[in-house]
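The report that follows looks at one helix and at a group of paired strands, and it should be read alongside the sequence and the coordinates shown here.

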Amino acid sequence: MRRRIMAALLPVLALLVVGIGLAYAVVVSERTTQQVFIDRSGDAVRFATLAEAAIASGEWTRMHAELDAYHELYDSPVWVLGLDGGLVHDPGPPPPEGLAASAEVRRAFAGARATEAATVWPWQHGPLRVVEPVGRDSQVTAVVVIEAPTDGLRAATMRRWGTGAALLLVPVLALVGALWPLTRWILRPVRDLERIALDVRGGELGARAPAEHGPPELRGLASAFNQMVDTVQRSLERQRMFVGDVAHQLRNPLAGLRLSVENLRPWTREPAAREAFDEAVDGAERMGEMFEAMLAATAAASRERVRDSEAWTLDRVFVTGRPHWDAVTGEHGLALRVTEPPPGLAVRQPPGGLVAVLDELVDNAAWLSGGSTVTVTASVDPDGAFGTVVVADDGTGLSAEEREAARGRFWRAPRHQNVRGTGLGLAIIHDVVEDVGGEVRLEERHPHGLRVAVRLPVVRRTGG
């Protein structure tokens with residue numbers, strides 16, 4: 001973001017500098033040209049006075065001497081043109097071609113004086129011409145023409161341009177240098193907020209953004225973010241407390257109800273009474289199982305996420321879960337095949353940890369698949385952004401419609417209605433995995449069976 005702000009501000013600054021620089025360059029060039037023109041105009045006026053006196057007296061010696069000395073001293077030839085266009089004074093170099101017919105000379109013979117000259121730019125070559133009439137109005141008798149070299153004028157303009165550029169560069173560099181710490185000061189709350197948001201996303205609900213840095217608007221944003229996290233944390237705390245209270249208040253009545261029903265066993269001697277008694281006991285047991293499953297679902301939804309800094313590597317997840325997987329598959333007569341995961345790969349852990357998720361998937365495969373083998377494998381995407389753990393079986397599998405419906409709570413396949421369970425396992429897994437930015441895919445396994453892929457973001461950290 002800092003680069004984008006700099007990229008947005010620097011063109012504006014560049015346009016400002018260019019605008020000021022161009023205006024300064026134009027003013028300097030015009031001023032320097034006018035200074036030289038005024039100096040040469042003063043010389044031309046004095047020479048016009050000498051020429052007027054020489055024409056009136058017929059004495060030309062002094063005029064010729066001064067004009068020749070001026071030419072030698074300043075390398076600026078001075079021509080004096082008569083009314084007929086002939087040279088009253090010839091400095092030696094031939095006059096420019098068409099001088100007598102030029103617009104400046106014609107205006108001078110008409111009695112008009114030039115008050116300014118065209119601006120001389122450093123890249124232009126050629127002399128600066130000054131034309132002064134001898135006499136006034138209808139009494140103009142001759143015209144003085146001076147051509148001054150512009151090498152010094154152009155050099156002076158370039159020096160002033162350089163000085164101005166250097167003086168302009170100082171505040172520009174200071175401003176550019178100030179933009180970097182200024183943008184850092186402005187963006188520091190944004191970076192802090194981003195970091196804290198990632199910490200909260202990773203399960204650290206106690207993280208809070210500093211609200212004492214940066215502009216007031218961003219400090220207010222940080223305070224509002226902290227208040228939002230406080231509200232979320234309080235809500236989760238209340239939810240956990242509610243779950244605990246419900247568990248405490250309902251477990252005992254359910255246990256008492258089942259015990260009361262069990263106490264009726266000695267009085268159920270008739271077959272019909274025994275059947276009703278068995279149904280009541282079974283209903284109480286199912287109610288207890290459903291209650292425990294609902295508590296587990298609520299607890300999973302309210303449980304804090306595992307921090308990314310504490311996320312286990314897949315090696316550790318597999319080592320921790322392997323004993324349970326061996327036990328449950330062995331209990332149901334299935335073979336377990338586990339492929340070692342990529343070493344050192346850590347993925348973001350859902351609430352309760354990835355081990356609990358894989359335990360539930362292996363349990364489902366062992367209880368419900370009707371197959372002979374359960375396979376657990378792990379891989380990482382080519383770009384290294386996500387890791388995937390797959391639990392697959394070679395059983396009967398699920399149809400496309402059943403795989404879609406399996407995301408719902410309390411859903412069970414028709415053939416599994418008489419198998420113990422609540423139908424909440426996959427729904428809880430979907431919720432907790434998607435809550436941390438992951439994905440659960442139920443796919444068909446060829447030639448038969450079910451493939452459940454749990455895809456989670458990779459955690460960039462060291463250690464395991």
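Two strands are counted as paired if DSSP finds at least two bridges between them. The model discussed here is predicted, and the hairpin of strand 6 and strand 7 is a convenient place to begin: it has 5 residues between the strands, and G384 takes a positive phi near 75° there.

Strand 7 is joined to a partner on each of two counts, as the table sets out.

| Strand pair | Bridges | Direction |
|---|---|---|
| Strand 6 (residues 373-380) and strand 7 | 7 bridges | antiparallel |
| Strand 7 and strand 9 (residues 450-457) | 7 bridges | antiparallel |

Individual pairings can be located within this arrangement: T375 has A392 of strand 7 as its bridge partner, while T388 stands opposite R455 in strand 9. Strand 7, which comprises residues 386-393, is mostly covered, with 7 of its 8 residues buried.

Helix 2 (residues 61-74) offers a check on its own geometry, because at 1.5 Å a residue its 14 residues should span 20 Å, and the end C-alpha atoms are indeed 20 Å apart, in agreement with that expectation. Within helix 2, the residues M63, L67, Y70 and H71 are buried. Viewed down the axis of helix 2, these buried residues fall within an arc of 100°, so they line one face of the helix. T61, R62, E72 and L73, on the other side of helix 2, are exposed. Just after helix 2, D75 takes a positive phi of about 55°.

Note on methods:
Residues are numbered from 1 along each chain as its sequence is written. This is a predicted model: local features need pLDDT of at least 70, side-chain atom pairs count only at pLDDT 80 or more; totals for chains, interfaces and linings use all residues. Side-chain values use heavy atoms; hydrogens and water are left out. Helices (H or I, at least four residues) and strands (E, at least two) are DSSP runs, numbered from the N terminus. The expected span of a helix is 1.5 Å times one less than its number of residues. Buried means under 20% relative accessible area, exposed over 50%, partly exposed in between (1.4 Å probe, protein chains only). The arc is that of the directions from the helix axis to the C-beta atoms.
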